[in-house]
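Colleague: Could you take one part of this model and go through it slowly with me, beginning with any term that I need in order to follow you?

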Amino acid sequence: MKIHNLYITASFATLLLSFSACNDFLDKLPDNRMELNTEKKVQKFLVSAYPNRNPALLAELYSDNTDEFKNTGWTSAGRFQDQAYRWDDITEVSDYESPQELWNSHYMAIATANTALQAIAKLDESPTTKASKGEALLCRAYAAFNLANTFCMAYNATTANDFLGLPYPLEPETTIGIKYKRGTLKAFYDQINQDIEAALPLITDNYERPKFHFNRNAAYAFAALFNLYYQKYDKAVAYATRVLGANPATTLRDWKAFYALSPNGDIAPNAYINTQNTANLFLQTVYSEAGLYLGPYGYAAKYAHGQLLTETEDMQSDGPWGHSANFGYTIFSNNSLSKYFINKIPYSFEYNDIQAGTGYPHTEYAVFTTDKTLLVRAEAYALQGNYAAAVADLNTEVAAMSGGTMSVTLAGIKAFYAGLQEYTPTAPTPKKKFNAPFTIESTTQEPVLQAILHLRRILTLGEGVRLQDVKRYGIVIYRRVSNTRARIVAVTDTMKVDDPRRAIQIPQDVITAGLPGNPRNK
């Protein structure tokens, strides 16, 4: 572990769970690090309430966006990638995207938010302290939401009391060795909802770098996504509309300009996460090797999003809008790589010792964007049965992504999916069977939802979003082996709708400390 990571792990042990190996450190409580007795100190402190890890790469490896390739020279990045792809309980702890690092980072963010909230309660109320309270509540909710998406089953109102949630600390620790319980997934989601609802009226746009904070649009985009997953579709629509305004088309990314950029290096990725782009609502800089995994490098090529996936399921597949490659994007691929992707995940390296070549890799995610929020609203409309509105939003995004050259209609969507064979691992198509724990009307609602998930898969490739759609809709996924870019030679594993591996295992250290692990089939 690098020094930076040691600090986070030790701090987390103090703030959340007592680990016997850290006894010397635990003799000192972190509340003595800083006296938060002014508004400005609290504001500065809240910068640390945003996690410095993101589960996107882990979710991408875990999802159906990844196949295995057994070509000479296409090697794994190591144990983390091997275990994530195989849906194993991940024992690698030092990788930047490991469950251990994700857990530590997100609970550290929650602890920071709690410390800030405690300090705010002791200060005189003012517009500044109210805004800081809102930010702290959203940071706590956001970290908890990422933890739920990673380590819990998908939320469903009828079954959420049957699944495990996670600890949700509401105040900083003042004593050592507090033991936490997991509770239910329903209780966990209810607390996230409570934090979001309390925060929304308090949020402002008064930041030096607003897109790295929960500004108003970012806050409502987060609220819309959460309520989609929480199955509160009326609120998802209302919050998304608050972000998108009366004419959503004017808020979306200029895809034509993005497609015109060189796919080489970080030219396109840096443009994708540019703070001046009105489509970007909330940006997150994290320690990560995702730019290497998902960029134009030979690194980590054994498990990748390859040609067959591209041609049959997403970027070059047929859709109700026509041939997806006609959107106009540049797909990076060459003869020496198994990877097919749109180059939008940046990679940079921060040296702490140039001569030794050591330091920290970074990437940056456009976590909330207007394009993603538009598809959140489209899905919420479809789940309400408002198909005309859902198709209108879908059509707006199709027009934006294609530069106005492509479109969809409700009749065209229904005809396309009615004429499409359902996916099998050796005869893949974009149409994957839904096994959702809620009723989906088959004639109209299902094809509209298929189209929305199909387009979202293209839009968010590389960003970890696909795994949540897989979990929420009970999509069965497979592990496939290819010895060429477009031919499957073996199917090695299946993750069915009731497979407990859909909830990634919590870190072993946390289980050893006494928190129950996620169930597993024997």
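Modeller: A cavity, as the word is used here, is a set of grid points where a 1.4 Å probe fits but cannot get out, and its volume is the space filled by probe spheres set on those points. With that in hand, we can turn to this predicted model, which holds 9 cavities of 30 Å³ or more, and the largest cavity has a volume of about 490 Å³. Its lining is made up of 30 residues, and those nearest the centre are N146, L225, V367, E463 and V465. The elements that each give two or more residues to this lining are α4 (56-62), α7 (127-151), α9 (216-229), β7, α15 (370-384) and α19 (466-472). Sorted by class, the lining of the largest cavity has 18 nonpolar, 9 polar and 3 charged residues.

Among these elements, strand β7 deserves a careful look. Strand β7 covers residues 358-369, and 11 of its 12 residues are buried. It runs antiparallel to strand β2 (residues 280-287), to which 7 bridges join it, and within this pairing N280 stands opposite T369 of β7. Strand β7 also pairs with strand β6 (residues 348-353), again in the antiparallel sense, over 5 bridges, with F349 standing opposite P361. Strands β6 and β7 form a hairpin with 4 residues between them, and in that turn G357 has a positive phi of about 70°. As a general point, side chains in a regular strand alternate between the two faces of the sheet.

Notes. Residues are numbered from 1 along each chain as its sequence is written. This is a predicted model: local features need pLDDT of at least 70, side-chain atom pairs count only at pLDDT 80 or more; totals for chains, interfaces and linings use all residues. Side-chain values use heavy atoms; hydrogens and water are left out. Buried means under 20% relative accessible area, exposed over 50%, partly exposed in between (1.4 Å probe, protein chains only). Two strands pair if DSSP finds at least two bridges between them. On a 1 Å grid over the protein atoms alone, a cavity is a set of points where a 1.4 Å probe fits but cannot get out, and a pocket is an open set with protein on both sides within 12 Å along at least five of seven lines; lining residues have an atom within 4 Å of a point. Ala, Val, Leu, Ile, Met, Phe, Trp, Tyr, Cys and Pro count as nonpolar, Asp, Glu, Lys and Arg as charged, and the others, Gly among them, as polar.
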